[in-house]
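Subject: Handing over a structure

Dear colleague,

I am passing a structure on to you, and I would be glad if you would look through it with the notes below beside you. Please open it first and read afterwards.

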Amino acid sequence: MTDSALLLLQAAADTTRAYGEFPVIGARAAVWIAAEVHLMFAAFVLGVPMFAVVAEAIGLFGKDQRYDRLAREFTRLLLVAYSATAIWGAVLVFFLATLYPRFWAYLTTIFGPSMWVYAGLFFCESFTLYLYYYGWDRWKYGRTKLVHWGLGILLNVWGTVVMFIANSWLTYMMTPPRDITPTTDPATIKLWHAIANATWMPINVHRVIANVVFGGAIVAAYASYRFLVAKTDEERAHYDWMGYVGNFIAISALIVLPFAGYWLGREIYQYDQSMGITMMGGFMSWLWVIQAFLIAVLFLTGNYYLWIGMGRIPGAERFQPYTKYLLLVLVLGAIVWGTPHTMIADSKELAAMGGSHHPLLGALGVMSAKNTAVNLMILTTFLSFLLYRRANTRPVVPWARTGTLIQAAMFVVAAGVVLFYGIRGYFVEAIVRIGFSVYQVLAVLACIVCVTVIDILMGRGAASLGAIRWGKMPPRSQYALFILAVTFTWLMGLMGFARSGIRQYWHVWQVMQDTSKYAATPALGYASKMISLCVLIFLSLVGFVFWLGGLAEKSTFVPAGEGEKGARHVGH
Amino acid sequence: MSAPLPPALRRYAGHPFWQAVAILVLAYVLVVWVVPLLPGSAIVPKSVVLQYMVTVLVGVLIYVSDSEARWTRFKEPINAMLVEPRLRVVRSGVLTAVTAVVGLVAYGQVKTTVAAPPNLRSIHPAPPTEITFRGKSITLTGLENPLRQHADSLPTYLAEGKQVYYRNCLPCHGDHLDGLGHYASGFNPLPANFQDNGTIAQLTESFVFWRVAKGGPGLPREGTPWNSAMPKWEDFLTEREIWSVILFLYDQTGWKPRTWEKAESGGAK
C-alpha cells in the first residue's frame, strides 16, 4: 500500500473526537496564544536567572555590591514571572488535552516518562528559586555566599534541563527519526530515540543563547522604565548603569545567535530539503525579509544606544567622529540584508525586470550577499563595543600601540575574509558556497576572541580619563532599550512561527496528519497579527510584573559612595 | 584639486539638518534613477524603493541624534521654521507641502487602476521527497541525473536534449534560454530564465526533473496561485528525454547543478 493511501486511511480514521472546539477564536488560535505566551514567559524565567547568577558572581568576585543588588532585584521579579509561566503552561496543557486530544494522546504515549521528569524538575526549580531569593540575606557573607551563588547555578541547571525536555517534544514534531512512519505504533518508540532527533540539539543551543539575549533585553527594558520614572539623580545613575549592563549582555549574546540559527537551519535542510525550501525560499520566505528588518533594527538600535552613551564618558570624544562610518557600514549592511530575492512588484515592474528577480539588485538577495552583510554588521557592532569600552581609559602598557595595530589588522583581515568569500560565492557551485559561510563565521569569531584577549591584556592598569557620568543620558536612549526588548520579543514569535509552520498540515512531520479544520497553514498576514497579539499580551503582563516588583520592595539602587566602588565606579 | 565651497554653502553642508536632507535626496536619486541606468539593470520596484528609503531614513535619524550637540543643531531649523515670525511664509509653504504630499499619497493609494495588484509570489516551491512518474515511484532526495553515469554517451544525450528543447521548450523559454521565447510576453510571470543565476544554477537536477515532469499542475498547494503555464511534461516526454533536456540546459548555460551534500553514513542528504 502506498504512503498516500495510508495517509488517506489515517485521515478517514479520525473521528470527531480527535479535535475539540474553542469558542470565538477557534482551537488553533487558543493553543497558539497559550503556547506563545507560555514560551515567552519561559524564556524570561530562563534568561533572567542566567543574568542574575552572572551579576551575582561579578558582585561576589569583583567585590562590587551593585551587581549583587542587581541580581537580587531581578530574582524578585522572577517569583511572579514563574507563577505566570506555570499558569500559561497549565493553560497550554489543558488546551492541548481538550482541543487536540488524539494528538496529545500520541505525544504522551511516546514522551510520558519525560513529562513526569519535567514536572519533578519544575518542582525542584521552583523551590531552588525560593531558596535562592529568600536566602539572600541569610547567606550573605563568606562561604555561605558561595553556597548561595551555587544555588543560583543550580537554578539555571534545572531550568536548562526542563527546557531541553520540552524542546524534545516540539523537535520530534518537526523532525521525527526517519524510521518512524504513520504506521509505527507510538508505544513501540523508544523514548531516547524520539528525544535525540535531528533538530533537538540545534534548538537547545539556539534557545539557550536566545534566552540570554532575551533576559538581557528585558532587564534593560526594566531599567529604562525605572530610569524614565526616576526622581533622583542617584536612581537615574543606577538604572542607567543597569540598562547598560542588560544591553551589553543582550547584544553580546546576539552576536553569536545567528551562528546557532544557521546550524538549526542547516539541520532542517539536511533532514528534509522540502521543509528547508518552504522555510527559506518558499511561502515562508517573506518572514525572513521581516526578520532581516528586525535584526537590522536590533543592530542599529544596539549601536545607537552605545553611541549616545559615549556622550557621558570622558574621553569618548576621540572616537565619536568615527561612529558615522560604523553607521554607514550598518546601513549598507541592513540594505543588503533586507533586499528580497523575489521582489514584490506590479505587472509593469515585473515586465521591466523580466520576472520577479531584479537583474542587478537580485544579486543582493542570495546567501552570499546576506552572509557577508550580517558578518560585517557583527564586526561593526563589536568595534562599537570596543570603542565604548576603551572610551575613558588610556592603555599604559609599553606595547599599547603595537597591540592596537594588531587589533586593527585583525579587523581588516576578518573583513577581508568575509568579503572575499562573499564575492567568491557568486562564482562557485552551491555546494561549495555553503561551506564558505563557515570560513566567514570563523574569521569573525576569531577576530572577536583575539581582539578581546588583546584588549583585556592591554587594559591592565590603564589610566582613567574620568568617571562615567551615569544617569546623564537623554530619554531617547532609554526608548532605544524599549525598542530592543519589543523587537526581540516580536522576532521570537515570528521565527517560532516560521519553524513551527513549516510542518504545514502535519502534527508530526510526515507521521501524523492534522486533519482538523485548521490544518491549512495560516497566511502570513494572519500569522503576523496573531504573533503581534501574543507580544502585546506578554509585554502587558511583564509590565504588570515590573509594577508588582516596584510595589513589593523599594528600588535597590546604591547611592553614590555606599557600595564598595559605588557610583564613582570608573570601568564598565 | 577641487575648489573650496563658498562660505554660505559650506555652512549648509556642515549643518546636520541639511546633511540629512541631502543624504535622503541623494539616496532617492541613486535608487530610483541611477540604479536603473547601470548596465544590465532595470527599474527598482516601488516596494524595494520604500524599503531602502526607510532604512536610509533610520540611518539618518540615528546620525543626527547620536550626539547631543548634533541633535540640538539638527532641531534648530525645524524649531525656527515652526515658531519664528520672520519665517511665516516658509512655515505656510512647508505645512501646505506636507498636507499636499499626504493627500497625494492617499489619492495614489485609493485611485482606481487597471494594473493588477502587486503579487507576493514565492519563487521556490518546496519539492516532495518522492514523486510518481507514469506509475513509477522516483525518490527525489539524493537523486542525480542518471545519464551523467555514462560519460561516453553524453554527446548523444546532449544532442537528444537539444532536440527536445527546440521541439518543446523554445516557444516559451527562447532561443537563448533566457525566458524570452515568442510566446513569453503572453505570460505573467514570464517563463523561467535559465541564464539567470537565480534559477537552475541554484537547483539540483532532481528539482528541475520534478518541475519539468509535473509542470504547473504539480506545484504544491501552499503558495498558490502559482499562475504557471508550464505543462505537465510527463504526459509528452519520456524519463530519458527529460533527463536529456536537463543535461542540455546546464551544458548550454554553463551552470553546474547543485549537488547533494554527502551524509556521514555515505548517503546523500
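What follows goes through confidence, the two chains, their contact and one residue in turn.

Please keep in mind that this is a predicted model, with an ipTM of 0.82 and a pTM of 0.83. In chain A the mean pLDDT is 88, and 94% of the residues reach 70 or more, while chain B also averages 88, with 91% of its residues scoring at least 70. Within chain A, confidence is lowest in helix α1 (residues 3-13), where the mean is 62, and highest in helix α6 (residues 191-195), at 96. The pLDDT falls below 50 over residues 562-572 of chain A, a stretch that nevertheless has 24 contacts in the model beyond near neighbours in sequence. For chain B, helix α1 (residues 7-13) has the lowest confidence, at a mean of 82, and helix α2 (residues 16-37) the highest, at 96; over residues 264-269 of chain B the pLDDT is below 50, and that stretch has 9 contacts beyond near neighbours in sequence. Where pLDDT is low, the predicted coordinates should not be read in detail.

Turning to chain A, you will find 17 helices and 4 strands in its secondary structure. The radius of gyration of chain A is 25 Å, close to the 25 Å that the globule rule gives for 572 residues, so chain A is as compact as a globular protein of that length. Its C-alpha atoms fill a box of roughly 80 × 65 × 40 Å along the principal axes, and 47% of the 572 residues count as buried. If you take the contacts in chain A with a separation of 6 or more, 82% of them join residues that are 24 or more positions apart.

The largest nonpolar core has 180 residues, and those with the most contacts inside it are Val213(A), Ala217(A), Ile218(A) and Leu484(A). Helix α2 (residues 27-61) of chain A gives the largest share of this core, 21 residues. Apart from it lies another core, of 27 residues, which includes Ile200(B), Trp210(B), Ile246(B) and Phe248(B). To follow one member of the larger core, leave aside residues up to four places away in sequence, and you will see that Ile218(A) touches Phe44(A), Gly47(A), Val48(A), Ala485(A) and Val542(A).

Chain B is divided into domain 1 (7-110) and domain 2 (130-253), and the centres of these two domains, taken over C-alpha atoms, are separated by 48 Å.

Where do the two chains meet? The contact takes 53 residues from chain A and 51 residues from chain B. On the side of chain A that touches chain B, the elements that give two or more residues are α9 (273-280), α10 (285-309), α11 (323-338), α12 (347-353) and α15 (430-458). The residues on this side of chain A divide into 24 nonpolar, 22 polar and 7 charged.

Lastly, is Glu234(B) buried or exposed? Glu234(B) is partly exposed, because 19 other C-beta atoms lie within 10 Å, whereas 20 or more would make a residue buried. Glu234(B) is found in the loop between α7 (205-214) and α8 (239-253) of chain B, and, not counting residues up to four places away in sequence, it touches Phe133(B), Arg134(B), Ala213(B) and Lys214(B). Glu234(B) and Phe209(B) are 25 residues apart in sequence and 9.9 Å apart in space, C-alpha to C-alpha.

With best wishes

Note on methods:
Residues numbered from 1 in each chain as written. Chains lettered and ligands numbered in written order. Predicted model: local features only at pLDDT ≥ 70, side-chain atom pairs only at ≥ 80, totals over all residues. Domains from an automatic or database assignment. Core = buried A, V, L, I, M, F, W, Y, C linked by C-beta atoms within 7 Å. Buried ≥ 20, exposed ≤ 12 C-beta atoms within 10 Å, placed from the backbone. Contact = placed C-beta atoms within 7 Å. Nonpolar A, V, L, I, M, F, W, Y, C, P; charged D, E, K, R; others polar. pLDDT = per-residue confidence, 0-100. Rg over C-alpha atoms; globule rule 2.2 N^0.38 Å.
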